[in-house]
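Welcome to this short tour of a protein chain. Please take a moment with the sequence and the 3D view before reading on.

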Amino acid sequence: MAEMLQVLSPHTAEDWTVPAGPLEWTCWQTAAHIGHDLLAYAGQLAAQPADAYLPFDLNVRPTASPAEVLQAITACGGLLSSALAAASPTLRAWHWGQCDPERFAAMGVAETLLSP
C-alpha cells in the first residue's frame, strides 16, 4: 500500500478520467477496482465461503476525488491486511477454487502493484 500511495499520491490533482494505460477503464475506475478487489479478498477470508464470492461490492461514489479513492483503497488494503493477520494458514476460501491466505495475499499485492 505504501508503495502504491507513494507513486499515485503526487498525481491526485491530474485528470483521472483518462484511460489507464492500455485499458479501456479510466485511471479512476482502475483505482476503484483495486479497492473493490482488496475488500472482496478480505471478505472472502472473513466468511470463508466454499463456492462463490460474497454478495457485496465496494461502491466508490462517482464524485470521489482521486485522493478520496486512494483513501478508500487504503482502507480496503487495511481490511485485507487485518483479515490475513487473523487467518489460520489452514483457512480456505473461494476465489475460482479454494485458496489459502497466502494466495489471497499474493492477489492483493498483484492488484495493488501491477495494475496500470
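The expected span of a helix is 1.5 Å times one less than its number of residues. For H2, with 21 residues, that rule gives 30 Å, and its end C-alpha atoms are 30 Å apart, which agrees. Please keep in mind that this is a predicted model.

**The chain as a whole**

The chain holds four helices and two strands. Following the sequence, you meet them in the order α-α-α-β-β-α. Along the principal axes, the C-alpha atoms fill a box of roughly 45 × 25 × 25 Å. How does the radius of gyration compare with that of a compact globule of 116 residues? The globule would have a value near 13 Å and the chain has 14 Å, which agrees.

Of the 116 residues, 37% are buried. Among contacts with a separation of 6 or more, 62% join residues 24 or more positions apart. The chain exposes about 6,800 Å², and 60% of this comes from carbon and sulfur atoms.

**Three helices side by side**

Here are the spans of three of the helices.

| Helix | Residues in helix | Expected span | Span between end C-alpha atoms |
|---|---|---|---|
| H2 | 21 residues | 30 Å | 30 Å |
| H3 | 21 residues | 30 Å | 30 Å |
| H4 | 14 residues | 20 Å | 19 Å |

**H2, the enclosed helix**

Is H2 mostly enclosed or open? Since 15 of its 21 residues are buried, H2 is largely enclosed by the rest of the structure. After H2 comes Gln-48, with a positive phi near 55°.

**H3 and its buried side**

In H3, the buried residues are Pro-66, Val-69, Leu-70, Ile-73, Cys-76, Gly-77, Leu-80 and Ala-83. They cover an arc of only 140° around the axis, which puts them on the same side of H3. Gln-71, Ala-85 and Ala-86 are exposed on the other side of H3. As for partners, the buried residues of H3 pack against H1, H2 and H4.

**H4 and its cover**

Helix H4 runs over residues 101-114. Its buried residues are Pro-101, Phe-104, Met-107, Gly-108, Glu-111 and Thr-112. Looking down the axis of H4, these buried residues fall within an arc of 125°, so they line one face of the helix. On the other side of H4, Glu-102 and Leu-114 are exposed.

What covers the buried residues of H4? The cover includes helix H1 (2-8), helix H2 (27-47) and helix H3 (66-86), together with strand S1 (93-94) and strand S2 (98-99).

**The nonpolar core**

The largest nonpolar core has 25 residues. Within this core, the residues with the most contacts are Trp-28, Val-69, Ile-73 and Phe-104. H2, H3 and H4 each supply at least two of the core's residues. Which helix gives the largest share of this core? That is H2, with nine residues.

Val-69 makes a good place to zoom in. Setting aside neighbours within four places in sequence, Val-69 is in contact with Trp-28, Ala-31, Ala-32, Val-60 and Ala-64. Val-69 is also one of the buried residues of H3, just as Phe-104 is one of those in H4.

Conventions
Residues numbered from 1 in each chain as written. Predicted model: local features only at pLDDT ≥ 70, side-chain atom pairs only at ≥ 80, totals over all residues. Heavy atoms only, no water. Buried < 20%, exposed > 50% of the residue type's maximum accessible area, 1.4 Å probe, protein only. Arc of directions from axis to C-beta. Contact = heavy atoms within 4.5 Å. Rg over C-alpha atoms; globule rule 2.2 N^0.38 Å. Areas by Shrake-Rupley, 256 points an atom, 1.4 Å probe, with all protein chains shown as cover. Core = buried A, V, L, I, M, F, W, Y, C linked by side-chain atoms within 4.5 Å.
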